[in-house]
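Me: I'm new to this structure and would love a friendly tour. Could you take me through it?
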Amino acid sequence: MSFFKKVPVLSIVLGVLILAYAIVSYFVDSGFFSLTYKVGKLVIGFGLIAFVIFVILPNTNKKNQSVITLRTIESVIILFGAIVGFILPVFEININFINISSSGSFWFGLALVLSGSIELYLGVFNKINLKSGLFFLNLLFVIFGTYVYATNMVDAKIKLVTLITLLSIGAILLFIGMFNIKSKK
């Protein structure tokens with residue numbers, strides 16, 4: 001994220017392009033602008049990888065060994081899930097040693113549950129400073145992650161989840177760019 005803060009124009013341009021693609025894809029839904037199963041799986045898979053790189057890894061406290069261990073385990077599991085649950089199925093590569101390996105709902109739900117529960121654990125045991133609003137947000141992550149897995153939401157509604165993912169990524173990039181352009185002036 002610090003790269004996008006240093007170059008806010010790039011963040012704004014990427015945010016606008018991603019938002020435009022998401023909106024046009026929702027209404028056109030053909031050719032390059034089609035939110036198909038393959039596009040959806042790739043977007044969500046790379047979105048999970050970006051989540052690990054930009055959210056989880058920068059929050060790793062280098063001074064506390066338990067934080068490092070938990071964040072590393074979380075990162076490895078989410079990266080494995082992004083690759084096995086989303087990216088490999090697009091290229092029709094199946095790993096047979098896990099029955100649920102191709103279930104995107106399982107891996108997406110697990111990512112939410114892991115992220116929320118690790119934040120809750122670290123906040124409760126004073127490993128990190130967890131404000132009250134973040135406590136409830138992480139509790140919602142755990143609940144929503146369980147719901148996603150239980151209802152098979154990602155696989156059943158791949159177009160909607162892809163649209164929401166693209167809109168979220170585009171909005172986040174746009175806001176990062178807008179706030180950092182204002183702070184540089």
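Me: Are glutamate 74 and arginine 71 buried or exposed?
Reply: Happy to help! This is a predicted model in which local features need pLDDT of at least 70, side-chain atom pairs count only at pLDDT 80 or more, and totals for chains, interfaces and linings use all residues. Residues are numbered from 1 along each chain as its sequence is written, and side-chain values use heavy atoms, leaving out hydrogens and water. Taking buried as under 20% relative accessible area, exposed as over 50% and partly exposed as in between (1.4 Å probe, protein chains only), glutamate 74 and arginine 71 are both buried.

Me: How far apart are the closest N and O atoms of glutamate 119 and arginine 71?
Reply: The two form a salt bridge, meaning a side-chain nitrogen of Lys or Arg within 4 Å of a carboxyl oxygen of Asp or Glu. Glutamate 119 lies in helix 5 (residues 104-124) and arginine 71 in helix 4, so the pair ties together parts 48 residues apart in sequence. Helices here are DSSP runs (H or I, at least four residues), numbered from the N terminus. The closest N and O atoms of this pair are apart by 2.6 Å.

Me: Which element gives the largest share of the largest nonpolar core?
Reply: A nonpolar core is a set of buried Ala, Val, Leu, Ile, Met, Phe, Trp, Tyr and Cys residues joined through side-chain atoms within 4.5 Å. Of the 20 residues in the largest one, those touching the most other members include Ile78 and Phe86. Helix 3, helix 4, helix 5 and helix 8 each give two or more residues. The largest share, six residues, comes from helix 4.
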